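Grab a viewer and work through a few short exercises. Try each task by yourself before reading the solution under it.

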Amino acid sequence: MTPAAIEQEALELLEWPRLAAHVASFAGTAAGERHCRALPLPAVAEHSRTLLAETTELLALDGLIEGGLSLQGVADIGPCLQLCAKGGTAGGDVLLELAATLAAARRLRRQIDDPALRPVTTALVAELRTLPELEQQLRFALEEGGRVADRASAPLAALRRQLQAARGERRERLQELLRRSAPLLQDNVIAERNGRPVLAVKAGAAAQLPGQLHDSSASGQTVFIEPQAVLALGNRIRDLEGQERELEQAVLRELSAAVAEQAEALAVLQATLVRLDAALARARYSAWLGAVRPELADAAEAPFELHDLRHPLLLWQHRREGGQAVVPVSVSVAPELRVVAITGPNTGGKTVTLKSLGLAALMARAGLFLPCSGCPRLPWCARVLADIGDEQSLQQNLSTFSGHIRRIARILEALPPAATAAGSPGDQGAALVLLDEVGAGTDPAEGAALATALLQHLAGRARLTVATTHFGELKALKYADPRFENASVAFDEETLAPTYRLQWGIPGRSNALAIARRLGLDGELLERAASQLAPRREGDVNQVIVGLEQQRLRQQEAAEEAAALLARTELLHEELLSRWQQQQQQSAELQEQRRQQLERSIRQGQHEVRRIIRRLRQGDGGRRLDPSVLGETARQAGQRLKSLEQQHRPRLERRQHGGWMPVVGDRVRVLSLGKAAEVLALADDGRELTVRCGVLRLTVPLDGIEGLQGEKPSPPQVTVRVNGGRGLAAPGPQVRTENNTVDVRGLRVHEAEAAVEEKLRAANGPVWVIHGIGTGRLKRGLRAWLDTLPYVHRVNDAERGDGGAGCSVVHIH
């Protein structure tokens, strides 16, 4: 069996085709659905990272556009291209679908094009040829429904006029015959037989109406005759219809030849649209799962960090089909570990854990997000090999054991040599091996020995091997080889039921007697089995497991108590801080009241001084004071009052505002999304940073974010040498150019808004928006929307030479 066949067998065991069908249900086109059902797995890690980037960018764009990114109008043009390339003639309806696909591709390119926010998908559509001339040619020659238009051919238009006139003449003659021959007819309607018009004539009167007999009724009472008066005219119409079909076929052949000339460009366009549809389907499926983008490590020996991983198929079953809630598992495998042995009771979730891990590796490789929490990390797995089968059946015999051994032998053949298994330069990706109930189906002693040797061998051949087992010997391998680790599925001994939780570092017990008791086995029989087991318990590894589980529970209780104490401490700290702030506020309010009271007293004193001065100037009882004494007294009183006012005026707090710069862990606002995000990393030059916004991980420039309180970041100081007298930046041109013009004709209002907003975001001057005149609905909708934007200064019609009323000029602040 070839390595590809072995890997395909593993995909079947992991139910990968079923997951692919779930992804395909989110596709928007038939070709995209077929692609997703196959869901190809890239052969190199870089291709997987590109697929993940496409998923990320289209997920963000799908959320920004009202109603989501639409693939309406995109058709499967593959069969049409094959037919035309071979010299065949395509039908009018198929050619019209091709024209609609070209228009839809042009619209998608406008919506996606943004090198700053969507570099990968923008590069994907950058060189896309949408062939507007071919689209115009097809739409000119074809009417709705695919009928060849009269304007497509002058001879065809003339022929159709003749055909219409002949049909009209025949209709008039038949109507005249209906009136004149009414007594001979069974019915006064014109019927049709074999494509020819006939009259329903009474059988006895057939000789009185000359013509060609086409049919008769089942009873024989009615015959259908094409009157002699219209036979020649009918033959001429039939001949004209044949000529019409020939002229229509000539037009369709010409159009098909034009399509064949562009077959290569159209094939690239078809492949690009399928790729975009598949990326959008992956994005929508990932969003539906509530999944997050994984980080694919370059090194094959990188760790596996998957927190709260949920089985995607069980999650689908829970949400779509009303299944049980999915219990998440966390997988944390250090770089030095090579083998993980999972033990525990049957029906405890061991096999589900195997499948969840295998599907997670495949999903990351295929460009899908993972149903985890946090930031999942794992190596790119070029090989995911599995031996998973239901061993809980009546067929536990040699044939079952032989089947497992044959499959394991094929897995060993597909693995790389031991020299390259640990991620050396010769390796082309990590290998993940999943073994369910390894060594089962034969004598326990021999099965344990075989399983031990197999896992020790796989430790040098695969990046990670995860095996489920009930053998106690495998549980002890961890203590002899640092490459081994134990894990177990938890079991609640009070309810005698598994919890489906995965515990790391502790081997599990099979709990066969407890499960048998839960399933209703006779109690006396179970007590006898326990008595048979009791003499062997001394020194048994299960006693160690019990002690480890008890120790884990005590540590967990201590951790929970510490967490509760920390929570109470934080609450107390918040309460003390709130009281201190309240006291500070009350103190400030009291000082403000006293200050205002003092200001009122000062103003009253100033008013009193002015009143006294006026009275003294007017004289008191006819006596006048010395002007110098009067001026000095007034001056001293005014200065004293001003001094009091200055002393009690509140001092402005002066703060030194250094340049604000976000650090890792800060919460910032991404301006392009209008949402808060967490800073994950900063570039070396400090001008770019990586943030996580929900399930999205984005790289944005420093000027593309701000603090949650509106503070603007200050970029690092750089030395710039200016050799001329011009400024570093100049305002945008005040004349219309290709860079400051956006054409939204043919778009809906919400689609036009998205295109205009993208152009305004990058503009540093006026923007010319070509919307046409038409009914005026698009222009009114855009003007109303632009009035709501705070950064738009004004909007006016363009000059006559730039489009006049069919073009609006948007001036920004």
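The exercises below go from the whole chain to helices, cores and salt bridges, and the model they use is predicted.

**Exercise 1. Size up the chain and find where the model is unsure.**

Start with the inventory: the chain has 22 helices and 23 strands. Next comes burial, with 42% of the 813 residues counting as buried. The accessible surface is about 44600 Å², and carbon and sulfur atoms hold 51% of that. Now look at contacts between residues at least 6 apart in sequence: 67% of them join residues at least 24 apart.

Then check confidence. Average pLDDT is 83, and 84% of the residues score at least 70. Two stretches to look at are residues 391-398 and residues 651-658. Over residues 391-398 pLDDT stays under 50, yet the model has nine contacts beyond four places in sequence for them. Residues 651-658 also stay under 50, with zero such contacts.

**Exercise 2. Which residues touch the most other members of the largest nonpolar core, and which helix gives the most to it?**

The largest nonpolar core holds 79 residues, and the ones touching the most other members are Trp 16, Leu 19, Tyr 285, Leu 357 and Val 691. Helix α13 (residues 350-365) is the top contributor, with eight residues.

Zoom in on Trp 16. Skip its neighbours within four places in sequence, and its contacts include Leu 359, Leu 362 and Met 363, as well as Leu 11, Leu 39 and Leu 41. Ala 366 and Leu 368 are on that list too. A second, separate core has 41 residues, among them Leu 58, Ala 258, Leu 276 and Leu 280.

**Exercise 3. Does the length of α13 fit its residue count, and is the helix mostly covered or open? Work out what span α13 should have.**

Take 1.5 Å a residue: the 16 residues of α13 should span 22 Å. The end C-alpha atoms are 23 Å apart, so the two agree. As for cover, 14 of the 16 residues in α13 are buried. After the helix comes Gly 367, with a positive phi near 90 degrees.

**Exercise 4. Sort some salt bridges by what they link.**

The count comes to 35 salt bridges. Side chains of opposite charge can pair when their charged atoms come close. Take three pairs in turn.

- Asp 76 and Arg 34 pair up with their closest N and O atoms 2.6 Å apart. Asp 76 sits in the loop between α4 (45-64) and α5 (78-85), while Arg 34 is in helix α3 (residues 30-38), so this bridge links distant parts of the chain, 42 residues apart. Asp 76 is partly exposed because its relative accessibility is 26%.
- Arg 193 and Asp 215 come to 3.2 Å, closest N to O. Arg 193 is in strand β1 (residues 185-193) and Asp 215 in strand β3 (residues 211-216), so the bridge ties together parts 22 residues apart in sequence. Both ends are partly exposed, Arg 193 at 27% and Asp 215 at 32%.
- Glu 575 and Arg 579 meet at 2.8 Å, N to O. Both lie in helix α19 (residues 541-618), four residues apart, about one turn of the helix. Glu 575 is partly exposed, at 38% relative accessible area.

One last step: look beyond pairs. Glu 9, Asp 387, Arg 407 and Arg 410 are linked in a network of salt bridges.

Conventions:
Residues numbered from 1 in each chain as written. Predicted model: local features only at pLDDT ≥ 70, side-chain atom pairs only at ≥ 80, totals over all residues. Heavy atoms only, no water. Salt bridge = Lys/Arg side-chain N within 4 Å of Asp/Glu carboxyl O. Buried < 20%, exposed > 50% of the residue type's maximum accessible area, 1.4 Å probe, protein only. Core = buried A, V, L, I, M, F, W, Y, C linked by side-chain atoms within 4.5 Å. Contact = heavy atoms within 4.5 Å. Areas by Shrake-Rupley, 256 points an atom, 1.4 Å probe, with all protein chains shown as cover. Expected span 1.5 Å × (residues − 1). pLDDT = per-residue confidence, 0-100.
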